[in-house]
Amino acid sequence: MSFSSLSHLECSRTGERVEADQVAGTSAAGAPLLARYDLDRVRETVTPKDIAAREPNLWRYHEVLPVRSPEHVVTLGEGMTPLLPTPNFGKHAGVPNLLMKDEGLVPTGSFKARGAAVGVSRAAELGVRGVAMPTNGNAGAAWALYAARAGMKSLIAMPDDAPSITMKECQSAGAELYRVDGLIGDAGKLVGAAVAERGGYQETSTLKEPYRLEGKKTMGYEIAEQLGWRVPDVILYPTGGGVGIIGIYKAILEMQQLGWIGDKLPRLVAVQAEGCAPIVDAFARGARESEPPAEARTIAFGITVPKALGDFLVLDAVYATDGTAVAVSDQQLLAAQRTLTELDGTFICPEGAACFAALEQLRESGWVGENEEVVVLNTGAGIKYPETVELDAPLLGKTEPIPAR
């Protein structure tokens with residue numbers, strides 16, 4: 001069969017069918033477009049056993065990815081991150097069957113590499129010469145680096161207080177980088193206006209093109225494969241723009257249609273910071289869409305998204321799986337980050353740490369049971385956020401002895 005079984009694109013609001021083999025943004029209704037595949041053909045020609053024999057990267061699932069030809073694949077080896085037991089934190093939180101999907105180990109140091117790999121590959125295949133996007137940091141860094149790999153240009157705008165390391169990644173990749181005195185939405189308006197004046201550029205803002213989501217959904221495929229083609233009881237995901245949790249839910253539905261997993265759905269938990277929790281607020285109201293907070297600020301910079309284009313898709317995924325949405329304070333997430341590092345030796349990003357803090361809340365309330373299998377997504381490497389840890393170590397003179405203990 002062909003490398004990809006991509007059939008068409010579909011409006012996430014109206015179901016309108018859109019041709020896939022052209023550069024696409026949002027639908028006529030202004031909603032995200034979702035890639036659809038000929039899953040019947042995939043089911044007849046590919047099995048989980050076939051996939052197990054392939055190289056350990058996200059392209060092992062190429063039949064359900066949008067790139068038509070392997071020659072257009074732009075890769076840095078992304079995917080197949082470990083599903084790591086965290087037994088000591090699990091014991092601490094009262095959830096002994098606790099696993100962490102560690103996305104800090106992919107190229108560029110965050111899960112954003114998945115979306116960039118697939119998005120840039122498809123853009124290159126469709127003849128795009130440059131990608132442009134607003135970002136809170138890691139996505140821009142990933143897209144700039146993958147664009148460089150593909151020989152494409154990149155235009156990146158990010159809030160001035162975004163992590164400096166991500167700005168340096170963009171600069172190193174030769175991106176056209178701008179700092180913006182505002183939030184990601186402000187950066188987005190500037191990028192949109194710039195793309196309208198440039199030929200050959202595609203705006204690749206969150207869910208304003210259809211293929212970043214396809215890269216992110218491979219986390220769902222990997223979790224199922226790593227568990228022996230089944231799903232856990234609960235999955236917690238740090239939620240800003242929401243592409244990760246939307247993608248995991250999409251992957252689960254696809255795998256069910258393929259017959260690769262059973263009918264069970266994991267309960268999906270959208271985790272946000274109290275300083276920017278529009279999804280949590282909407283869930284508490286039973287709403288289908290979110291309202292932006294008056295002011296948004298949290299140390300978990302990657303989830304500082306006041307109004308996500310795909311907020312209704314996040315909420316749909318949470319409602320459909322009997323999941324929930326939880327907000328934690330910066331103090332709580334930093335404490336969880338420190339506790340996990342001390343107990344299990346893994347230094348994770350503040351967004352991932354928010355999920356561990358949320359898990360403690362959910363276990364204490366009884367929403368998560370002691371014997372349930374729980375997967376927490378860590379979306380980036382802690383070393384990209386040095387400001388989350390204060391250095392407090394004595395300075396010794398050259399001949400000053402280390403104190404006895």
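**Exercise 1. The four-stranded sheet**

Task: Determine in what order the strands of the four-stranded open sheet are arranged, and which of them are edge strands.

Solution. Step 1: In this predicted model, four strands make up an open sheet with the order E8-E7-E6-E9, and their pairing is parallel.
Step 2: Strand E8 (176-180) and strand E9 (201-203) each pair on one side only and are therefore the edge strands, given that two strands pair if DSSP finds at least two bridges between them.
Step 3: On average, neighbouring strands of this sheet are turned by 15° against each other, with direction ignored.

**Exercise 2. Contacts within and across this sheet**

Task: State how many bridges join strand E6 to E9, and which helix lies across strand E7 and E8.

Solution. Step 1: Strand E6 (residues 130-134) runs parallel to E9 and is joined to E9 by three bridges.
Step 2: Within this pairing, Gly 130 has Tyr 201 in E9 as its bridge partner.
Step 3: Helix H6 (residues 164-172) lies across strand E7 (153-159) and E8. The direction of H6 is at about 165° to E7.

**Exercise 3. The six-stranded sheet and helix H9**

Task: Describe the order of the six-stranded open sheet and identify which strands H9 touches.

Solution. Step 1: The order of the six strands is E4-E5-E13-E10-E11-E12, and the pairing is mixed.
Step 2: The edges are formed by strand E4 (83-85) and strand E12 (324-328), each of which pairs on one side only.
Step 3: From one strand to the next, the twist averages 25°.
Step 4: Strand E10 (residues 234-238) pairs with strand E11 (residues 267-273) in the parallel sense, over five bridges. Val 234 has Arg 267 of E11 as its bridge partner.
Step 5: H9 packs on the sheet and touches E10, E11 and strand E13 (374-378). The direction of H9 makes about 175° with that of E11.

**Exercise 4. The second largest pocket**

Task: Establish which element gives the most residues to the lining of the second largest pocket, and how the lining residues divide by character.

Solution. Step 1: The pocket has a volume of about 300 Å³.
Step 2: Its lining comprises 14 residues, and Leu 34, Arg 36, Tyr 249, Lys 250 and Leu 253 lie nearest the centre.
Step 3: Strand E3 (33-37), helix H9 (243-258) and helix H11 (311-320) are the elements that give two or more residues to this lining. H9 gives the most, with six residues.
Step 4: By character, nine lining residues are nonpolar, one is polar and four are charged.

**Exercise 5. The two cavities**

Task: Specify which residues line each of the two cavities, and what volume each cavity has.

Solution. Step 1: With a cut-off of 30 Å³ or more, the structure holds two cavities.
Step 2: The largest cavity has a volume of about 40 Å³. Val 23, Ala 24, Gly 119, Arg 122, Ala 123, Leu 126, Gln 202, Glu 209 and Tyr 211 form its lining. Helix H4 (residues 112-125) gives the most to this lining, with three residues. Five of the lining residues are nonpolar, two polar and two charged.
Step 3: The second largest cavity has a volume of about 30 Å³. Asp 161, Leu 183, Ala 296, Arg 297, Thr 298, Phe 301 and Thr 304 line it, and they divide into three nonpolar, two polar and two charged.

**Exercise 6. The annotated domain**

Task: State where UniProt places the domain feature, and what helix and strand content the chain has there.

Solution. Step 1: An unreviewed UniProt entry places "domain: Tryptophan synthase beta chain-like PALP" at residues 74-380.
Step 2: Over residues 74-380 the chain is 44% helix and 16% strand. The end C-alpha atoms of this stretch are 21 Å apart.

Note on methods. Residues numbered from 1 in each chain as written. Predicted model: local features only at pLDDT ≥ 70, side-chain atom pairs only at ≥ 80, totals over all residues. Heavy atoms only, no water. 1 Å grid on protein atoms, 1.4 Å probe; cavity = no way out; pocket = protein on both sides within 12 Å on 5 of 7 lines; lining within 4 Å. Points joined across faces, edges and corners; volume = space filled by probe spheres on them. Nonpolar A, V, L, I, M, F, W, Y, C, P; charged D, E, K, R; others polar. UniProt positions renumbered as here; feature names shortened; annotations may be inferred. Axes fitted to C-alpha atoms, helices over the stretch in contact; angles between N-to-C directions. Contact = heavy atoms within 4.5 Å.
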